There are 4 protein chains.
Amino acid sequence: MSPASRNGSANKKVYSYLGPIGTFTELALAQVAEAKGARLNAVAHVQEAIDDVLTGRAIRAVIPVENSVEGGVSATLDALAATENIRIYGEYLVPVTFDLVARPGTALKDVHIVATHPVAYAQTRNWLNKNLNKHAHLPATSTAAAAAELLDNDNADAAIAAPTITNHYKLKVLAKNIGDNKNAQTRFLQIGLAGKQSPAATGSDKTSVIVELPTDRPGALLEMLEQFATRGVNLSRIESRPIGDRLGRYRFNIDVEGHVSDSAVAEALKGLHRFSPKIIYLGSYPRADKKKSVHEGNNSNVEFSAAEAWLKSLR
Amino acid sequence: MSPASRNGSANKKVYSYLGPIGTFTELALAQVAEAKGARLNAVAHVQEAIDDVLTGRAIRAVIPVENSVEGGVSATLDALAATENIRIYGEYLVPVTFDLVARPGTALKDVHIVATHPVAYAQTRNWLNKNLNKHAHLPATSTAAAAAELLDNDNADAAIAAPTITNHYKLKVLAKNIGDNKNAQTRFLQIGLAGKQSPAATGSDKTSVIVELPTDRPGALLEMLEQFATRGVNLSRIESRPIGDRLGRYRFNIDVEGHVSDSAVAEALKGLHRFSPKIIYLGSYPRADKKKSVHEGNNSNVEFSAAEAWLKSLR
Amino acid sequence: MSPASRNGSANKKVYSYLGPIGTFTELALAQVAEAKGARLNAVAHVQEAIDDVLTGRAIRAVIPVENSVEGGVSATLDALAATENIRIYGEYLVPVTFDLVARPGTALKDVHIVATHPVAYAQTRNWLNKNLNKHAHLPATSTAAAAAELLDNDNADAAIAAPTITNHYKLKVLAKNIGDNKNAQTRFLQIGLAGKQSPAATGSDKTSVIVELPTDRPGALLEMLEQFATRGVNLSRIESRPIGDRLGRYRFNIDVEGHVSDSAVAEALKGLHRFSPKIIYLGSYPRADKKKSVHEGNNSNVEFSAAEAWLKSLR
Amino acid sequence: MSPASRNGSANKKVYSYLGPIGTFTELALAQVAEAKGARLNAVAHVQEAIDDVLTGRAIRAVIPVENSVEGGVSATLDALAATENIRIYGEYLVPVTFDLVARPGTALKDVHIVATHPVAYAQTRNWLNKNLNKHAHLPATSTAAAAAELLDNDNADAAIAAPTITNHYKLKVLAKNIGDNKNAQTRFLQIGLAGKQSPAATGSDKTSVIVELPTDRPGALLEMLEQFATRGVNLSRIESRPIGDRLGRYRFNIDVEGHVSDSAVAEALKGLHRFSPKIIYLGSYPRADKKKSVHEGNNSNVEFSAAEAWLKSLR
């Protein structure tokens with residue numbers, strides 16, 4: 001729990017987010033219309049943000065879920081798999097660009113030790129190999145922490161952080177946009193408690209679930225995918241994570257096109273519930289990319305209703 | 001229409017059946033408990049029996065649908081595909097055995113011309129090749145008609161017919177049980193109008209449909225089968241018939257295990273309705289073999305209800 | 001066996017065909033380029049034509065295999081399933097049109113008894129119901145036999161036969177083109193012994209097999225279809241026939257696009273051989289419709305060769 | 001490149017491994033029979049180990065690939081996806097247990113700052129929350145480095161490391177076996193250059209590939225899985241990783257049962273080569289768990305050979 005969450009003014013709703021200030025999460029938060037005017041509460045760990053929501057210390061939280069280069073954020077995926085009370089209320093895409101920053105007066109040639117979060121380090125290795133090929137890496141818990149500490153001690157000579165870091169700290173930019181992949185993006189989720197104001201269908205929606213596979217049959221993954229295919233439901237993401245009890249057992253984080261109020265999605269979810277030993281529903285929410293969500297192969301709500309009416313007429 | 005259907009006593013319910021008397025259909029009719037005491041009306045063609053039901057001249061009809069050696073009865077399959085008002089109320093299995101019969105006084109060595117229905121002829125060719133290898137075949141519209149005509153004219157010397165033929169005609173049995181396949185069976189259906197007293201689920205049920213495939217995608221048959229597989233619904237029969245408009249277009253006569261009141265069957269049928277340009281529902285009815293109908297892979301009604309309740313709890 | 005086959009001139013090759021002269025098979029035979037100048041041998045039954053090929057009495061035979069209205073010709077399908085030595089050398093499409101013919105001097109109003117083959121009768125019922133609604137049907141072994149017998153006896157007043165019948169018999173046409181379906185077609189096969197001059201790939205080919213399903217697993221039909229789908233091989237026909245030993249066991253007559261020398265087809269066939277308890281290969285041959293046969297999804301011979309070369313490079 | 005690799009005695013083969021000494025990789029290395037007597041070269045990053053193999057500085061390398069709790073090691077998966085010249089020569093399972101170690105004289109109550117690698121930290125959080133609920137975490141590049149630095153400076157009071165760390169450093173064990181999951185395992189790979197002494201089939205083998213999905217069709221993952229299912233090839237692992245160019249594009253790290261010299265595996269790989277825009281073959285190697293690798297559904301080498309012979313006999 002973050003101390004900040006205790007002394008906030010009682011009449012303000014609280015948004016927790018993976019901090020500290022100056023990280024990419026802040027840029028995601030800036031996209032959340034409902035968060036305008038809320039008290040923002042930076043926390044140190046994804047689990048803390050989720051706990052804030054579960055205990056009511058925060059009405060919502062904004063956390064990263066996947067990066068186009070590094071993949072799923074394990075801490076988020078595993079934390080979401082460990083509770084059934086969380087729902088997703090929105091998703092946000094943030095371009096990931098990195099700057100090399102240092103204390104005023106530092107030149108590039110003075111940089112021997114570079115502090116940053118390991119993921120940021122991994123995404124800037126090409127630039128570092130070319131421009132600072134003898135540097136050492138000092139791992140930090142976040143890009144913002146790495147930058148902030150430059151002003152506290154001289155353990156490092158420079159830090160790799162988000163461009164917005166200079167809004168918060170008096171630091172000099174030694175190099176701009178040093179990421180290896182210029183199109184890198186991170187996807188963030190706005191989460192809240194289940195059962196409160198689920199987002200209504202907009203026609204451009206996603207639905208997220210976490211599904212464990214039954215262990216008693218080969219081909220279980222194929223069978224699971226057919227639960228979607230039979231109803232014309234497209235997957236926009238499928239990511240495996242170990243269940244954790246032993247090697248070879250996975251749960252799958254799945255995003256599909258469409259809203260739980262779409263008949264195709266609802267029927268697929270019910271099929272998964274029968275099929276899977278454990279399924280966690282994370283909610284339906286508007287897509288960040290605004291594209292229409294379509295269910296192929298005659299699986300629109302109109303066609304589902306017609307089939308229902310037909311079957312009723314038979315009995 | 002058969003003349004007999006017009007002058008029956010008004011207070012008796014009428015069962016039409018594919019006649020004439022002495023055919024295998026009579027043996028199926030003997031298994032139909034509800035037909036006890038009904039007036040039995042032999043007709044000359046399957047279509048006639050169906051028309052009797054459609055117009056109300058008969059409350060029910062009993063017609064053959066498939067033979068274990070010869071396959072589907074095309075006339076029945078095509079007639080059922082041409083109306084949406086017929087339902088199946090029961091199925092009956094009749095062992096198919098053939099006797100060679102002749103006018104009294106005839107010996108086997110006197111037999112040169114053998115009358116019978118082409119299907120019966122096809123099923124006794126081995127015996128005929130061995131025992132009457134120089135005979136000629138005179139086709140007849142039914143095995144019973146072939147036998148009856150022996151007493152009207154001497155176009156043929158012998159006939160191949162069901163053993164019960166001697167209950168109706170004074171004929172001599174020249175050889176018993178001459179069928180090539182001693183386990184041959186014919187399956188019969190009891191049909192009636194839709195909407196009247198559909199058989200309730202017994203736990204040992206079948207459901208029959210006729211499904212056309214969409215023409216716009218290769219792999220359509222595979223897709224259709226997945227509609228069943230995804231819900232754990234087993235097929236006990238799948239038989240193709242040409243749609244008739246051009247080569248290469250088929251409709252499929254399908255029997256599945258289970259009753260339309262089973263959630264797995266109901267959902268599969270609705271899936272087919274969306275998928276198929278044309279589906280005809282023929283009804284749910286008790287299986288002749290009395291075996292339990294099971295839906296594999298967690299697709300029982302209990303599991304469907306649990307999934308439904310789960311989904312409701314999410315919203 | 002037909003007597004004609006014994007006393008033919010030894011220096012001519014013999015083509016057997018399902019006779020008698022004047023049936024639709026003759027029209028198919030007229031399309032067979034290789035049969036020009038051959039001695040044509042009409043036989044009474046499909047099995048006889050196949051036996052002629054198997055014993056060497058004929059070099060080839062032409063037999064009907066399916067009709068767009070009536071479906072598969074059971075006698076042909078079952079005879080092909082009973083031997084492994086027959087191959088298909090070509091397929092031919094014949095439009096099926098029917099005329100009502102009678103002895104010279106007969107008028108339509110004089111027709112009370114109509115002779116024809118049951119299949120032809122089934123395909124002209126609409127016209128008959130409208131124009132001769134009180135007639136009786138006299139079944140015949142073929143449309144040509146029905147027509148020929150008009151000149152032998154007066155058992156029937158008219159016959160339904162192919163338009164070419166008047167090339168062979170002095171008969172009067174009472175009505176032309178009386179078939180219910182104006183686009184009806186029958187598909188014929190040219191068959192011969194295995195191993196002799198198999199047709200080379202033309203790019204517009206078909207391959208035919210007969211496949212039994214394993215009985216020990218539900219979903220076996222779906223599994224069989226996946227053997228084709230995985231290699232991008234399209235089915236142009238799938239027709240079930242009972243195996244005959246008991247109800248519920250089927251073999252499938254399958255035509256696929258492509259030639260056995262196409263890698264996609266070859267691999268699919270080998271997959272079927274492993275999968276199926278019994279598979280009969282009927283050959284690869286040019287398509288009657290001349291359309292290109294394509295294997296979708298990167299399954300051309302070029303792509304198969306590239307994959308083979310890649311795998312070799314790995315070891 | 002690690003300095004150690006330059007001054008090794010020329011007559012000794014070199015094994016690089018993810019160091020430093022005292023990490024779990026050392027325990028994996030101890031299982032590698034071929035490494036006995038080799039010079040062991042600890043490197044700081046997975047990429048470095050792979051580079052050592054690619055440039056010939058090391059004959060082999062041992063690197064972690066997945067952990068039963070944390071999932072795939074992204075650095076390894078991404079490095080393997082970036083070259084086509086690496087093959088896997090063996091896999092090794094190491095139980096993951098953690099001890100809390102400190103400078104001699106330290107008591108548990110004195111511990112305020114705990115140094116360790118973030119993954120080790122994540123796997124001991126339950127114990128830490130219960131026993132040191134006010135501690136701070138100091139991230140380190142490895143568990144061994146965290147422990148070693150305890151003797152260099154007092155930035156931290158204790159470190160979480162593998163039990164074998166005390167073989168290398170004079171440290172006191174404050175608590176043993178503090179991992180949250182007592183069955184945690186890490187799986188390691190022995191890698192080398194392609195084309196040198198690929199492991200022969202043992203009957204208990206695995207084959208690993210990395211496969212990109214085509215982007216032009218929904219259901220591509222399902223299609224990919226059918227490439228395996230059609231040949232009876234079981235997946236023992238499937239793990240998604242972002243391709244990195246944009247969100248929503250994944251490559252799949254797949255381990256299957258069986259050896260590339262098994263026909264079923266070879267045909268599946270060729271199928272994947274046609275299907276996938278990019279496939280990387282990582283090799284066949286003996287399974288760590290010694291279980292037999294079976295290809296279900298009549299897909300043994302014997303059945304593949306029989307199918308091949310059958311097809312040859314047809315042409």
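Domain bounds here come from an automatic or database domain assignment. In this predicted model, that assignment splits chain A into three pieces: domain 1 (1–96 + 184–197), domain 2 (99–175) and domain 3 (198–315). Domain 1 of chain A is written as two stretches of sequence, 1–96 and 184–197.

Take domains 1 and 2 of chain A to begin with. Their C-alpha centres lie 25 Å apart. Where the two meet, eleven residues of domain 1 of chain A are in contact with 14 residues of domain 2 of chain A. On the domain 1 side, helix α1 (residues 24–29) of chain A gives the largest share, with three residues. Sorted by class, that side of domain 1 of chain A holds six nonpolar, three polar and two charged residues.

Now for the contacts from chain to chain. Between chains D and A, each chain puts in 32 residues. On the chain D side, two or more residues come from each of β11 (185–193), α7 (220–229) and β13 (235–242) of chain D. Strand β13(D) tops that list, supplying seven residues, the largest share of this side. As for the mix, the side of chain D that touches chain A has ten nonpolar, 13 polar and nine charged residues.

Chains C and D meet too, with 24 residues of chain C in contact with 24 residues of chain D. Over on chain C, helices α7 (220–229), α8 (263–275) and α9 (301–314) each chip in at least two residues. This side of chain C is made up of ten nonpolar, eight polar and six charged residues.

Key: Residues numbered from 1 in each chain as written. Chains lettered and ligands numbered in written order. Predicted model: local features only at pLDDT ≥ 70, side-chain atom pairs only at ≥ 80, totals over all residues. Contact = placed C-beta atoms within 7 Å. Helix = DSSP H or I, 4+ residues; strand = E, 2+ residues; numbered from the N terminus. Nonpolar A, V, L, I, M, F, W, Y, C, P; charged D, E, K, R; others polar.
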